[in-house]
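Follow the chain in the viewer while reading the paragraphs below. They start from pairs of charged side chains, then turn to the sheet and to helix packing.

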Amino acid sequence: MENSPHAFDKPKVELHVHLDGAIKPETILYFGKKRGKQLPADTVEGLLQHVSYNEPLSLTEFLAKFSIYMPAIAGDREAVERIAYEFVEMKAKEGVIYVEVRYSPHLLANCKVHPIPWDQEKGDLTPDEVVSLVNRGLKAGEKTFNIKARSILCCMRHMPSWSPEVVELCKKYRNDSVVAIDLAGDESINAETHPDHRKAFEEAERCGIHRTVHAGEVGQSQIVKDAVCILKAERIGHGYHVLDDERLYKQLLEENMHFEVCPWSSHLTGACKLPFSDHPVVRFMKDGANYSLNTDDPLIFNSTIHTDYKIAQDSMCFTEKEFERLNINAAKSSFLTKKEKKELLHKLYEAYGMVQSTEF
């Protein structure tokens, strides 16, 4: 899939990608060896055979991939900072000029987190320090590779007890790379949004912290409704099943809700069935909806941003003009400050040879 020429070689904006799903295999092997962590292979090709795949799996099988390699990274200061730095490098090479990367600080920690993830021994790396290390890696990457990178901190649906700390970390680091809070994880776990998640999002809204929520990927349209009405989400991660409720979909179209769409991911997680020509994003495109194209977990899906653009071009009849429109919408829906958003839009309008619009 990656051998063909790129579908869209102009500057891009990416809003939905997970840091722990975007780690270089070489880095996993390096830290696995350094820390004496058992990995299923000692070559990049061998490791990829275990952690990445290209035919649909169940959500449980997909999530199991993380437990193969995360023990090599989590709990190690050098590893956490390095994956953030290398992430920026990876995105710069793909022609992305602005990216928002998301992660759960608790899943990279080994201290002051219960339960300690990935069967790690208790250590001394807290979720707070994880955020600080990721920020440092992102900022070093920004300087070196000349792109802008911000982060989003994830609450996990199955761990509501972590959410109060997640929103506090968003508040603490809001002027230091962190721009928003997210709710991620298995949608089937609780149809009713847990009170701890609700409280965290209420606090985020009260403090002016931006909010995005994974909803309607495999879950029903009601979960999208809850994300918007209860958690006051400003963007929706995936959101495909919103189309099951025409009234809700129409309402969100009118409100210009942004959908963070991940075509290749949605195929591999079984969220959307083939052919790609029937994918919900085709309807979004035809309706002039506000959405972006994103990679989600490029390590596990063995992909780059070009994979998703190529699918959109080859199987969904996307034009160059639509690629430009969706990137401008992504910039307008980004969680940057007004001033930074204006600068980003200026860069895109210039690169696309378009007259700058003033409203966003």
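**Salt bridges, sheet and helices**

Glu-260 and Arg-102 form a salt bridge in which the closest N and O atoms are 3.0 Å apart. Glu-260 belongs to strand S7 (residues 258-261) and Arg-102 to strand S2 (residues 96-103), so this pair ties together parts that lie 158 residues apart in sequence. The model is a predicted one. Are the two partners buried or exposed? Glu-260 has a relative accessible area of 0%, so this residue counts as buried. Arg-102 is also at 0% relative accessible area and is therefore buried. The pair does not stand alone: Glu-100, Arg-102, Asp-182, Arg-235 and Glu-260 are linked in a network of salt bridges.

Side chains of opposite charge can pair when their charged atoms come close. How many salt bridges does a search of the whole structure find? The search finds 29. One of them joins the side chains of Glu-320 and Lys-10, with 3.0 Å from N to O. This pair links distant parts of the chain, 310 residues apart: Glu-320 is in helix H14 (residues 320-332), while Lys-10 is in the segment before strand S1 (12-18). Glu-320 has 38% relative accessibility, so it counts as partly exposed. Lys-10, with a relative accessible area of 25%, is partly exposed as well.

Helix H14 also holds a salt bridge between Arg-325 and Glu-322, whose side chains meet at 3.1 Å, N to O. Both residues lie in H14, 3 residues apart, which is about one turn of the helix. Their accessibilities fall on either side of the 20% cut-off for a buried residue. Arg-325, at 26% relative accessibility, counts as partly exposed, whereas Glu-322 is buried, with a relative accessible area of 11%.

Now turn to the strands. Strands of a sheet pair through backbone hydrogen bonds, either parallel or antiparallel. Here 8 strands form an open sheet with parallel pairing, in the order S1-S2-S3-S4-S5-S6-S7-S8. Which strands are at the edges? They are S1 and strand S8 (290-293), each of which pairs on one side only. From one strand to the next, the twist averages 25 degrees.

Within the sheet, strand S4 (residues 178-184) and strand S5 (residues 210-215) run parallel and are joined by 4 bridges. Asp-182 has Thr-212 in S5 as its bridge partner. Asp-182 is also one of the residues in the salt-bridge network described above. Helix H14 packs on the sheet, where it touches S1, S7 and S8, and its direction makes about 105 degrees with that of S8.

The last stop is a contact between two helices. Two packed helices are described by the angle between their axes and the distance between the axes. For helix H1 (residues 25-35) and helix H2 (residues 44-51), the axes come within 9 Å and cross at roughly 100 degrees. That angle makes H1 roughly perpendicular to H2. Which residues meet? Pro-25, Glu-26, Ile-28 and Leu-29 in H1 meet Val-44, Leu-47 and Leu-48 in H2. By class, the contact of H1 with H2 has 6 nonpolar residues, 1 charged residue and no polar ones.

Methods
Residues are numbered from 1 along each chain as its sequence is written. This is a predicted model: local features need pLDDT of at least 70, side-chain atom pairs count only at pLDDT 80 or more; totals for chains, interfaces and linings use all residues. Side-chain values use heavy atoms; hydrogens and water are left out. Axes are lines fitted to C-alpha atoms, for helices over the stretch in contact, and angles run from 0 to 180 degrees between N-to-C directions. Helices (H or I, at least four residues) and strands (E, at least two) are DSSP runs, numbered from the N terminus. Angles under 35 degrees count as roughly parallel, over 145 as roughly antiparallel, 65 to 115 as roughly perpendicular and the rest as oblique. Contact means heavy atoms within 4.5 Å. Ala, Val, Leu, Ile, Met, Phe, Trp, Tyr, Cys and Pro count as nonpolar, Asp, Glu, Lys and Arg as charged, and the others, Gly among them, as polar. A salt bridge is a side-chain nitrogen of Lys or Arg within 4 Å of a carboxyl oxygen of Asp or Glu. Buried means under 20% relative accessible area, exposed over 50%, partly exposed in between (1.4 Å probe, protein chains only). Two strands pair if DSSP finds at least two bridges between them.
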